[in-house]
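Here's a quick tour of one protein model, written for someone new to reading structures. Have a look at it first, then follow the notes below.

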Amino acid sequence: MAIKLIIADDDKLISESIKIILDMDDDFSVAGTAENGKEAVKLCRENTVDVALLDIRMPVMSGVEAAKIITEETDTRVLILTTFDEDELIRAAFQNGAGGYLLKNNPPDQIKTAIRAIYGGNAVVQDVVLEKIKNPDESGESRVKRLEELTPREKEIVIAISEGLTNKQIAKKLFLSEGTVKNNITSILDKLSLEHRTQIAIYYLKGSR
């Protein structure tokens with residue numbers, strides 16, 4: 001079954017170009033394009049959309065604002081696809097529900113791979129973006145130490161999140177209730193001073209390097 005997408009970019013030439021590239025691959029089906037975040041939200045509300053490709057800076061409503069609404073109100077996963085790599089934009093995107101952040105200068109095959117990863121529940125962060133969101137006040141050694149302070153169960157859940165598993169899948173794998181998984185994630189977020197489960201995956205990947 002093809003992955004259903006919507007593409008939001010205020011540059012219509014770019015969105016149409018990406019649409020043409022994706023439509024040539026049977027693995028993907030583009031349900032529509034939007035020129036701002038508000039239109040993207042509307043498309044996701046009115047259609048069954050697996051992945052939304054959102055530019056970060058758009059008129060009317062930004063990609064960050066749209067990501068928050070889309071991930072809170074629908075089952076659509078969000079991949080930011082943009083030319084902007086400012087630290088604050090990257091952090092804001094992940095804090096508001098984006099599952100990945102990719103720059104447009106990547107080749108089509110890499111964009112397709114990222115879409116498949118997001119669809120599968122994985123976090124996607126290319127190295128150049130990952131480097132920008134590293135906390136300059138926290139060394140790799142410090143991250144490892146904080147991860148080691150988690151309980152054995154919390155560590156298992158962190159690893160499962162980094163593997164792209166949903167709460168339901170984690171519960172099944174670890175023989176827990178979904179409520180217990182959610183409570184553990186809340187505890188992990190608090191201990192690591194994070195705000196979103198995607199940040200847990202990023203934090204773990206940075207600390208394990």
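Let's start with Ser-193, which sits in the loop between helix H10 (178-192) and helix H11 (197-207). Its phi is near 60°, a positive value in a residue other than glycine. Before going further, know that this is a predicted model, where local features need pLDDT of at least 70 and side-chain atom pairs count only at pLDDT 80 or more, while totals for chains, interfaces and linings use all residues. Residues are numbered from 1 along each chain as its sequence is written, and side-chain values use heavy atoms, with hydrogens and water left out.

Two terms will help. Helices (H or I, at least four residues) and strands (E, at least two) are DSSP runs, numbered from the N terminus. Buried means under 20% relative accessible area, exposed means over 50%, and partly exposed is in between (1.4 Å probe, protein chains only).

**Positive phi angles**

- Most residues other than glycine have a negative phi.
- Ser-193, our starting point, is exposed, with a relative accessible area of 57%.
- Val-60 also has a positive phi, near 70°, and is a residue other than glycine.
- You'll find Val-60 in the loop between strand E3 (51-54) and helix H3 (63-73), and it is exposed at a relative accessible area of 66%.
- Gly-121, just after H5, takes a positive phi of about 95°.

**Helix H5**

- H5 covers residues 108-119, so count 12 residues, and it reaches 16 Å from its first C-alpha to its last, close to the 16 Å expected at 1.5 Å a residue (the expected span is 1.5 Å times one less than the number of residues).
- Which residues of H5 are buried? They are Ile-111, Lys-112, Ala-114, Ile-115 and Ile-118.
- These buried residues cover an arc of only 160° around the axis, which puts them on the same side of H5 (the arc is that of the directions from the helix axis to the C-beta atoms).
- Arg-116 has its place in H5 too, but it counts as partly exposed at 35% relative accessibility.
- The C-alpha atoms of Arg-116 and Asp-27 are separated by 9.0 Å, although the two are 89 residues apart along the chain.

**Helix H2**

- The buried residues of H2 are Gly-37, Ala-40, Val-41, Leu-43 and Cys-44.
- Looking down the axis of H2, you'd see its buried residues fall within an arc of 160°, so they line one face of the helix.
- Turned away from that buried side is a face with the exposed residues Lys-38, Arg-45 and Glu-46.
- Gly-37 belongs to H2 (residues 37-46) and counts as buried, at 0% relative accessibility.
- Gly-37 and Ala-66 are 29 residues apart along the chain, yet their C-alpha atoms are separated by 5.0 Å.

**Around helix H10**

- Lys-191 is in helix H10 and counts as partly exposed at 36% relative accessibility.
- From C-alpha to C-alpha, Lys-191 and Glu-149 are 8.6 Å apart in space, with their places 42 residues apart in sequence.
- Ser-177 is in the loop between helix H9 (167-174) and H10, and at 39% relative accessibility it counts as partly exposed.

**Empty space**

- Rolling a probe the size of a water molecule over the atoms shows where empty space is left.
- On a 1 Å grid over the protein atoms alone, a cavity is a set of points where a 1.4 Å probe fits but cannot get out, a pocket is an open set with protein on both sides within 12 Å along at least five of seven lines, and lining residues have an atom within 4 Å of a point.
- Grid points are joined across faces, edges and corners, and a volume is the space filled by probe spheres set on the points.
- The largest pocket has a volume of about 680 Å³.
- Of the 29 residues lining this pocket, the closest to its centre are Thr-71, Arg-77, Gly-97, His-196 and Arg-197.
- H3, strand E4 (77-82), H5 and H11 are the elements that give two or more residues to the pocket's lining.
- How many cavities of 30 Å³ or more are there? The structure holds 1, and about 40 Å³ of space lies in the largest cavity.
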